[in-house]
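Trainee: Could you take me through one part of this structure slowly? I would like to learn how to read its helices.

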Amino acid sequence: MGLIAEIEKKITEAFEVFDHECNQTVDVREIGSIVRSLGCYPTEAQLHELLAEVEEEEPTGYIHLQKFLPVMTRVLVERSYQPTPEDVLLHAFEALDVNKCGYLTKEELVKYMTEEGEPFTQEEMEDMLSAALDPETNTMRYKDYITLMIVDDV
Amino acid sequence: MGCKTSVPCNATKKSERCKCLLRAALLIQRWYRATMARIEMRRRYCLNIFQSIEYADEQAQLQLSNFFTFMMDHDLEMTESNFSLAEFERRIDVPDSYYGPRLKFPLTVADANALLDAFKKEELLHARYVLQLLHETRRVLKEMPNITYLSTSYSKEITVCGDLHGKLDDLLMIFYKNGLPSEKNPYVFNGDFVDRGDNSMEILIILFAFLLIYPNDLHLNRGNHEDYIMNDLPKIGSDFKKFILQVHGKVILYLLEDVFSWLPLATVVDSKVLILHGGISDTTDLDFLNLFERSKVREHVHVGLLLSSLKNLAAVGPHEEDSSRDPTQKEWQQTLDILWSDPRNQRGCIPNKLRGGGCYFGPDITAKLFERYNLKMLIRSHECKQDGYEIGHGGKVITIFSASNYYEDGSNRGAYIKLNPDLIPRFIQYQVTFHSAHSPPRINTVEGAALKALREKIYANKTELMEAFMSKDLTGAGKLSVSDWAEAMESVLQLELPWRTLRAQLARLSADGRIEYTSCFYDLEIEKPVEEPSLVETLCKYRKDLEMIFNFIDKDQSGLISLEEFHHTWRLFCAHMGVETDDEAIIKLANTIDYNKDGYIDFSEFLGAFHVVHRLDKGK
């Protein structure tokens with residue numbers, strides 16, 4: 001089987017995990033998860049661009065595999081939205097850590113994540129805090145956090 | 001880095017700094033969202049794995065259940081199940097050394113509390129009391145209609161609970177949070193009280209006890225699992241088994257099956273809220289369902305055909321065909337639909353091929369039923385939901401599931417519904433857990449369990465899988481492309497799973513990007529093949545079934561069965577499995593199996609026998 005066919009199978013599999021009704025459609029809100037679970041790291045803006053390509057002319061709230069497959073195949077073939085290497089991620093945290101103390105305070109973290117870049121929703125912020133913050137000091141030791149969150153590549 | 005917004009700053013240095021911060025934040029956000037998505041994916045496919053295996057197993061169990069039902073119907077000991085309370089008392093002695101609860105009928109709250117205390121301490125209830133309890137429960141249930149109509153008058157809130165599946169801790173949690181059942185605290189339990197968890201009998205005993213004490217306030221709906229008693233047998237702890245089942249086991253089981261068949265089918269609250277276990281279909285007829293004799297429906301699938309073929313082959317002697325005891329096609333179909341169906345978002349009604357029974361029903365089906373019967377809400381269970389409940393069909397259909405950690409510690413919460421007289425549901429969630437939850441590690445536990453279950457299934461199907469692999473491996477290199485491997489896995493195991501996504505957890509890749517397919521059968525942690533693969537493989541596949549069968553034949557639970565008993569049951573089992581039998585060959589076989597020639601077959605000899613026949617049959 002050719003490379004393209006293999007990629008298409010992988011995309012279809014990932015798609016079907018979220019296809020609850022087994023009818024080749026997924027809720028549009030799950031597209032982000034599907035794209036990311038295939039190893040891509042798009043920004044929200046990039047994701048919206050992608051969505052525009054796969055949505056129906058009259059958005060129904062559902063995305064069809066037929067439309068999703070060619071677009072996603074292209075993304076994977078072109079290796080768009082490459083993942084963040086661990087060291088680059090560490091540098092990013094270090095850049096936010098102005099005092100270079102090895103940790104971020106809760107206030108700093110909330111400020112950067114909800115005011116800069118593509119801001120987190122309140123839910124995303126709460127989720128991150130619940131896993132990242134050390135409850136005793138209310139700080140995030142980002143090096144430890146990164147180690148905790150590294151998901152094995154499949 | 002894709003940073004598109006510009007940051008208004010004064011000095012260049014400051015502007016540089018701002019840009020740097022912006023880039024850093026963006027990078028972290030991007031990474032975080034990708035990581036969370038991948039965790040979500042893993043959670044989803046874990047659920048997929050568990051569900052596929054669960055539903056596939058259920059179908060196999062259905063068949064075995066039919067077989068045992070047939071066998072029990074032919075056993076003369078069944079007359080014992082029709083003794084009266086007094087006769088049980090006279091015939092079954094409870095020794096002074098027994099310190100468990102001693103029930104007095106009619107039951108009171110004191111008896112219920114005694115039972116709760118006993119089960120919390122993992123004590124047992126003596127067989128005589130179990131039998132009396134079941135006898136009384138059957139008597140009370142027989143007087144109830146198929147559909148019970150309740151009202152929330154007197155400003156009573158009604159509590160509705162979903163599947164418990166033998167998880168006693170969850171039932172105790174519900175009683176702790178919500179209080180015990182009483183006239184002021186009515187409950188509806190929506191089926192699937194048994195199977196999977198370790199305490200099915202305890203849950204039944206508690207629920208039946210409260211039913212007897214508060215028959216107007218404790219309501220039970222039948223679930224699709226209130227049928228599979230035989231399958232629960234090995235899971236009942238071995239002490240319990242020895243103690244309770246030694247002499248009375250089969251009578252208890254027979255009585256239980258009868259009680260199950262008398263469980264009501266549905267409950268309606270204030271004529272507006274319909275509560276039943278599975279769902280509905282486009283032909284669901286509540287008037288019809290309320291009228292027929294519900295206890296006729298005892299097995300759920302492939303009833304007539306299988307039973308009649310077994311009866312023909314077994315030739316157990318003249319047996320009165322009482323066909324009026326068999327359900328009609330319509331009775332069977334209507335019951336199957338309400339116990340097995342699942343809702344889905346797409347319109348229409350199609351057969352539920354995942355389950356092998358019932359259908360998938362869409363919001364239009366729900367709307368039609370509601371219009372026909374003037375309903376406002378459907379509360380059902382039957383499906384595990386991560387949050388313990390789920391609302392669908394625009395708020396009209398609620399799924400409520402009360403067994404937390406159903407698949408594995410951390411897999412899901414349980415929940416129950418409080419329904420007030422305005423019929424607005426309130427959801428209370430909980431999770432019985434023994435260590436504090438923390439997101440990433442919890443996924444690992446659930447994932448570990450899912451993969452373990454999947455690996456067991458892979459191992460149990462090794463022969464067929466190797467055949468499939470080798471047929472695709474034309475060069476005999478021991479390697480296959482990922483897609484060939486995935487195709488083989490799916491076609492042999494008949495499980496629709498994301499094989500490519502799971503590949504890393506199941507098989508090794510060689511340097512050229514192809515899969516070394518024999519690595520599927522290694523324990524990937526230890527990387528060492530287990531000895532005697534074919535015997536282990538067979539045992540994995542049939543172990544549960546064989547243990548059940550052995551225990552059933554072994555009437556006195558001595559751990560030994562006589563050669564005649566073996567022969568008789570073997571013929572029935574082969575008939576069920578569709579394998580040809582040859583009397584002389586079987587007698588010879590039985591003698592060969594009795595390895596130590598003591599005239600009896602013990603469990604390991606029994607397993608050996610089955611393994612031999614299985615392989616012989618494969619060779620044909």
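Mentor: Happily; here is a walk through chain A, with a look across at chain B afterwards. Please keep in mind that this is a predicted model.

Let's start with what the record says. UniProt, in an unreviewed entry, places the feature "domain: EF-hand" at residues 6-41 and 84-119 of chain A. In the span of residues 6-41 of chain A, the end C-alpha atoms lie 21 Å apart, and the span is 53% helix and 8% strand. For residues 84-119 of chain A, the end C-alpha atoms are 18 Å apart, with 58% helix and 6% strand.

Now zoom in on helix H6 of chain A, which covers residues 106-115. Which of its residues are buried? They are A:Glu108, A:Leu109, A:Tyr112 and A:Met113. If you look down the axis of H6(A), these buried residues fall within an arc of 110°, so they line one face of the helix. The face turned away from that buried side carries the exposed residues A:Glu107 and A:Glu115. After H6(A) comes A:Gly117, and its phi is positive, near 60°.

Chain A also shows you how two helices can pack. Helix H1 (residues 3-17) and helix H4 (residues 65-77) of chain A pack at an angle of about 125°, and their axes are 9 Å apart. H1(A) and H4(A) are therefore oblique to each other, and their crossing is right-handed.

Next, try the face-reading idea on chain B. In helix H12 of chain B, residues 363-373, the buried residues are B:Ile365, B:Thr366, B:Leu369, B:Phe370 and B:Tyr373. Seen down the axis of H12(B), they fall within an arc of 130°, so they line one face of this helix. On the other side of H12(B), you will find B:Lys368, B:Glu371 and B:Arg372 exposed.

Helix H4 of chain B gives you another kind of picture. In H4(B), 14 of the 16 residues are buried, so this helix is largely enclosed by the rest of the structure. You can also check its length: at 1.5 Å a residue, the 16 residues of H4(B), 127-142, should span 22 Å, and the end C-alpha atoms are 22 Å apart, which agrees.

Finally, the EF-hand label turns up in chain B as well. UniProt, again in an unreviewed entry, places "domain: EF-hand" at residues 460-495, 541-576 and 581-616 of chain B. In one of these, residues 460-495 of chain B, the end C-alpha atoms lie 14 Å apart, and the span is 67% helix and 6% strand.

Notes. Residues numbered from 1 in each chain as written. Chains lettered and ligands numbered in written order. Predicted model: local features only at pLDDT ≥ 70, side-chain atom pairs only at ≥ 80, totals over all residues. Heavy atoms only, no water. Helix = DSSP H or I, 4+ residues; strand = E, 2+ residues; numbered from the N terminus. Expected span 1.5 Å × (residues − 1). Buried < 20%, exposed > 50% of the residue type's maximum accessible area, 1.4 Å probe, protein only. UniProt positions renumbered as here; feature names shortened; annotations may be inferred. Arc of directions from axis to C-beta. Axes fitted to C-alpha atoms, helices over the stretch in contact; angles between N-to-C directions. Parallel < 35°, antiparallel > 145°, perpendicular 65-115°, else oblique. Left-handed = near helix turned anticlockwise from the far one by under 90°.
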